[in-house]
Amino acid sequence: MENESKPDTGTPGVPVPADDTPEVLNKALSGLSSRWKNWWVRGILTLAMISFFFFIIYLGPMVLMLIVLCVQIKCFQEIIHIGYSVYHSYHLPWFRTLSWYFLLCVNYFFYGETVTDYFSNLVQREEPLRILSKYHRLISFAMYLTGFCMFVLSLVKKHYRLQFYMFGWTHVTLLIVVTQSHLIIHNLFEGMIWFIVPISCVICNDIMAYMFGFFFGRTPLIKLSPKKTWEGFIGGFFSTVVFGILLSYVMAGYSFFVCPVEFNSDHNSFEVDCEPSDLFQLQDYALPAALESFTGWPTLRLYPFQIHSISLSAFASLMGPFGGFFASGFKRAFKIKDFANTIPGHGGIMDRFDCQYLMATFVNVYIASFIRGPNPAKVVQQLLALRLDQQLHIFNSLKTHLTERGLSAL
């Protein structure tokens, strides 16, 4: 019809990368149709990525944190590269330099906040770290202000509007990528289980939705992603919930996964060792009468975390895909198939992590709302950082308070 809206064609597209599928796979799968060839390439590379994921989990939380940083940098590079590729003919001064400088500033701020928050005993012991911690926000602001002034000085009369577009592009990218990766690291420090289970649920949903859609998909789900189907969406949901419950049961029994990451000042090392909280202790739950008559079990023995895992897996399968839909809309806006061609059959790193960032925010909010309580260790660390007269004042106030409540042991 004449009054139908026409697609936006005002934005130039990004050059489409050539097929980078390994030659050995191309030869081995040469006799298959493109549909089945893509299925095998994606499957083989998915198994390779899952194996690598298991390997870095084995290496421990510090390596995981470094991997998160590397993924963050690669995702940032892919998004910034799109902006640069679209508008490269304008030769914007300092665009790439300032983009990477702002990435440095934001990472310095967030990682500094994390170190100060989680490892205050280490910070207080080392004089240089104590000074950096005390003036951390001032230093961070000065660094950002320097970049801001550099941007203003780089403005060119004939490119004002485009330069401000790119300034906004960079900051939105920082908000989406760096802030979310910072939350992922915060989740990791709460215990590796809060990192592994949500990420695994997103991976499971991605795989199972693809599998159900590939074999049973008939009904389109959303126009932004024509290959997504209702069959894949529903099949992915139920598969992910079951997977989350089973994975949580396996991991909740190991202190390596459930204990927070802490710095041991006696051994000068990061440790994952604690007495697991009630969240990771098996408990008996009475079943409703209907389920009891069906199963014959009056109670069910579960870890409380398994109940929380249902919320995590439900979000991963119901809301997580909207991160992928958002990325699909972004790619359509710039007429590209993938963010990059880093992983054959999968696209760029951002193509694999578009749902993970939304999940990271949910997990962080979920922990703050329903899980995390006052941390006595952090309170003690903050008290020890005070002057002696302040510590004595708090001691006397606490002694008076406990005495009034009938605790006279002091």
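I began with the surface, taking patches as made of residues with over 30% relative accessible area and no salt bridge, where like charges are joined within 9 Å and nonpolar side chains (Val, Leu, Ile, Met, Phe, Trp, Tyr) within 5 Å. For areas I kept to the Shrake-Rupley method with a 1.4 Å probe, and for residues only the protein chains shown count as cover. A salt bridge, here and below, is a side-chain nitrogen of Lys or Arg within 4 Å of a carboxyl oxygen of Asp or Glu.

**Ground rules**

I noted that this is a predicted model, in which local features need pLDDT of at least 70 and side-chain atom pairs count only at pLDDT 80 or more, while totals for chains, interfaces and linings use all residues. Residues are numbered from 1 along each chain as its sequence is written, and side-chain values use heavy atoms, with hydrogens and water left out.

**Nonpolar patch**

I looked up the nonpolar surface patch and found about 570 Å² made by L32, W36, W40, I44, F215 and F216. Helices α2 (34–59) and α9 (192–216) each supply at least two of its residues, and α2 gives the most, with 3 residues; helices (H or I, at least four residues) and strands (E, at least two) are DSSP runs, numbered from the N terminus. I checked F216, which is placed in helix α9 and is exposed, with a relative accessible area of 51%; the classes are buried under 20%, exposed over 50% and partly exposed in between (1.4 Å probe, protein chains only).

**Overall counts**

I recorded 17 helices and 6 strands for the protein, and of its 410 residues 39% count as buried. The protein exposes about 23,800 Å², of which carbon and sulfur atoms supply 67%.

**Core**

I then turned to the largest nonpolar core (buried Ala, Val, Leu, Ile, Met, Phe, Trp, Tyr and Cys residues joined through side-chain atoms within 4.5 Å), which has 76 residues, with I193, W194, F195, I196, V197, F280 and F305 making the most contacts inside it. Its largest share, 11 residues, comes from helix α8 (residues 160–189). Leaving aside neighbours within four places in sequence, I found F305 in contact (heavy atoms within 4.5 Å) with I193, W194, V197, S248, L279, F280 and L312.

**Annotated spans**

I read in the unreviewed UniProt entry that "transmembrane region" covers several spans, including residues 92–111 and 191–212; such annotations may be inferred rather than shown by experiment. In the model, residues 92–111 are 85% helix and 0% strand, with end C-alpha atoms 30 Å apart, and residues 191–212 are 95% helix and 0% strand, with end C-alpha atoms 32 Å apart.

**Salt bridges**

I counted 8 salt bridges in the structure and looked at three of them. E78 pairs with K74, the closest N and O atoms being 2.9 Å apart; the two are 4 residues apart in helix α3 (residues 61–87), separated by about one helical turn. E78 is buried at 1% relative accessible area, whereas K74 is partly exposed at 26%.

R301 and D284 meet at 3.2 Å, N to O. R301 lies in strand β6 (residues 299–302) and D284 in strand β5 (residues 283–286), so this salt bridge ties together parts that are 17 residues apart in sequence. R301 is partly exposed, at 48% relative accessibility.

I closed with D338 and K337, whose side chains form a salt bridge at 3.6 Å, N to O; D338 is partly exposed at 24% and K337 is exposed at 66%.
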